[in-house]
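Please open the model in your viewer and keep the selection tool at hand. At each stop you will be told what to select and what is there.

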Amino acid sequence: MSAAEARDDTDPPHPRETTVLFGHAEPEQVLLEAYRSGRIPHAWLIGGPNGIGKATLAYRMARFVLANPDPTAPAVRKATSLTLPDDDRTLRRIAAQGHPDLLVLERVVNEKTGKLYTVIRVDDVRRTVPFFGSTAGEGGWRVAIVDTADELQYPQAANALLKILEEPPRNALLLLISHAPARLLPTIRSRCRRLSLRPLSAEDVARAAALALGRDAEDSELREASLLAEGSVGRALTLLEGPALALRKRVVDLLERLPAVDPQALHALGDALGGFEQQRLASFIDAVNEWLADHLASADRDRMLRIAEAWDKVNQAARDADEYNLERKPLVFSVFGWLAEAART
């Protein structure tokens, strides 16, 4: 079972089901023009912060190419975007995960634990070999989406993907999604055309979140989450789930006091994270990563190294807490200990 299949019916639409793209008209035109030229690069690295629409754009491109296998066709020449008609067969098949010429590499569920693996395993990446080695079922292109390349098992899965990037078959298109492209292997980055996406405006975040949740874009709570989301629809949706918005404000207040740490407040925060609820943990780590990113931008070399070390420790600890159902309170104390050290001048 994949990450997509593990989603709950109450979750917002998955990018494969999303037909509207907000705020990325220019990158979309880059892809369209490259395809129309007949000389499209075989691999693209779509980078940018989490939750801003990278996967949505990748799926739009995949749908367009599979629905229009001939880049010289009149429909492609006349197209002003990668949008397909609502009744298009390709759109429906991809939404249903039933298109034979689209392969999606993502984390899958560990059948023993019932939880997602923390990485995209090498065995999953090796599926690209028979996939690209066979003739396209529809007689056109074969497209693979890697969502995300940051989660490739290192170094085995990364090296397995590199082999495909080095020797791509004809009519193959690989769309790699990354929240942090600079952290990928240089050999992977050098074999891809880079396409960077910027954070969305608060207005676009509100519109996208409203569409995903079926709410009014002028809803006061939705507007507040959109302003706090730093251009990320994913972050706004997380904030809008349950007590996440109030929890985030609590975390931000404690982060602003660093390097000072209040043990009593940390105990209370650990209690507020509430057992093993994933969304609360995600909201906590999201606020921490935002603090780290902000301070990294203005740090000198020595402090930059401390922040980078804290970043790695925080996110590895969060992955372990999620995967192994670890108590949240020890995580809170560990995280703020690392942050306090990174914050000291």
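Begin by selecting Lys115, which is partly exposed because its relative accessible area is 22%, where buried means under 20%, exposed over 50% and partly exposed in between, with a 1.4 Å probe and protein chains only. Add Asp322 to the selection, and you will find that it forms a salt bridge with Lys115, the closest N and O atoms being 3.6 Å apart; the term stands for a side-chain nitrogen of Lys or Arg within 4 Å of a carboxyl oxygen of Asp or Glu. This pair links distant parts of the chain, since Asp322 lies in helix 15 (residues 301-323) and Lys115 in the loop between strand 2 (102-105) and helix 5 (122-125), 207 residues apart. Helices (H or I, at least four residues) and strands (E, at least two) are DSSP runs, numbered from the N terminus.

Before you go on, note that this is a predicted model, in which local features need pLDDT of at least 70 and side-chain atom pairs count only at pLDDT 80 or more, while totals for chains, interfaces and linings use all residues. Residues are numbered from 1 along each chain as its sequence is written, and side-chain values use heavy atoms, with hydrogens and water left out.

**More salt bridges**

How many salt bridges does a search of the whole structure find? The search gives 24, and a second one to select is that of Lys329 and Asp271, whose side chains meet at 2.9 Å, N to O. Here, too, distant parts of the chain are linked, with Lys329 in helix 16 (residues 328-343) and Asp271 in helix 13 (residues 263-272), 58 residues apart. Lys329 is partly exposed, at a relative accessible area of 26%, whereas Asp271 counts as exposed at 53%.

Next select Glu221 and Arg215, which form a salt bridge with their closest N and O atoms 3.2 Å apart. Glu221 is partly exposed with a relative accessible area of 35%, and Arg215 is partly exposed with 30%. Then select Arg235, Arg248, Asp286 and Glu290 together, as these residues are linked in a network of salt bridges.

**Aromatic rings**

Now turn to the aromatic pairs, of which the structure holds 4; rings of Phe, Tyr and Trp (its six-membered ring) pair if their centres lie within 6.5 Å, and planes under 30 degrees apart count as stacked, over 60 as edge-to-face and the rest as tilted. Select Tyr35 and Trp141: their ring centres are 5.7 Å apart and their planes stand at 65°, so the pair is edge-to-face. Because Tyr35 lies in helix 1 (residues 25-37) and Trp141 in the loop between helix 6 (128-133) and strand 3 (142-147), the pair ties together parts that are 106 residues apart in sequence. Is Tyr35 buried or exposed? Tyr35 is buried, with a relative accessible area of 1%, and Trp141 counts as buried at 11%. If you add Phe64, you will see the cluster into which ring pairs link Tyr35, Phe64 and Trp141.

Another edge-to-face pair is that of Phe131 and Phe132, so classed because their ring centres are 5.0 Å apart and their planes are at 75°. Phe131 counts as buried at 10% relative accessibility, and Phe132 counts as buried at 8%. Add Arg142 as well, since its charged end sits over the ring of Phe131, 4.5 Å from the ring's centre; a charge sits over a ring if NZ of Lys or CZ of Arg is within 6 Å of the ring centre and within 35 degrees of the ring normal.

**Backbone stops**

Most residues other than glycine have a negative phi, and most peptide bonds are trans. Select Asp147 and Thr148, and look at the peptide bond from Asp147 to Thr148, which is cis, with omega near 5°; Thr148 is found in the loop between strand 3 and helix 7. A cis peptide bond also joins Leu258 and Pro259, with omega about 10°, and Pro259 is in the loop between helix 12 (244-256) and helix 13.

Finally, select Gln97, which has a positive phi of about 55° although it is not a glycine. Gln97 has its place in the loop between helix 4 (89-95) and strand 2, and counts as partly exposed at 42% relative accessibility.
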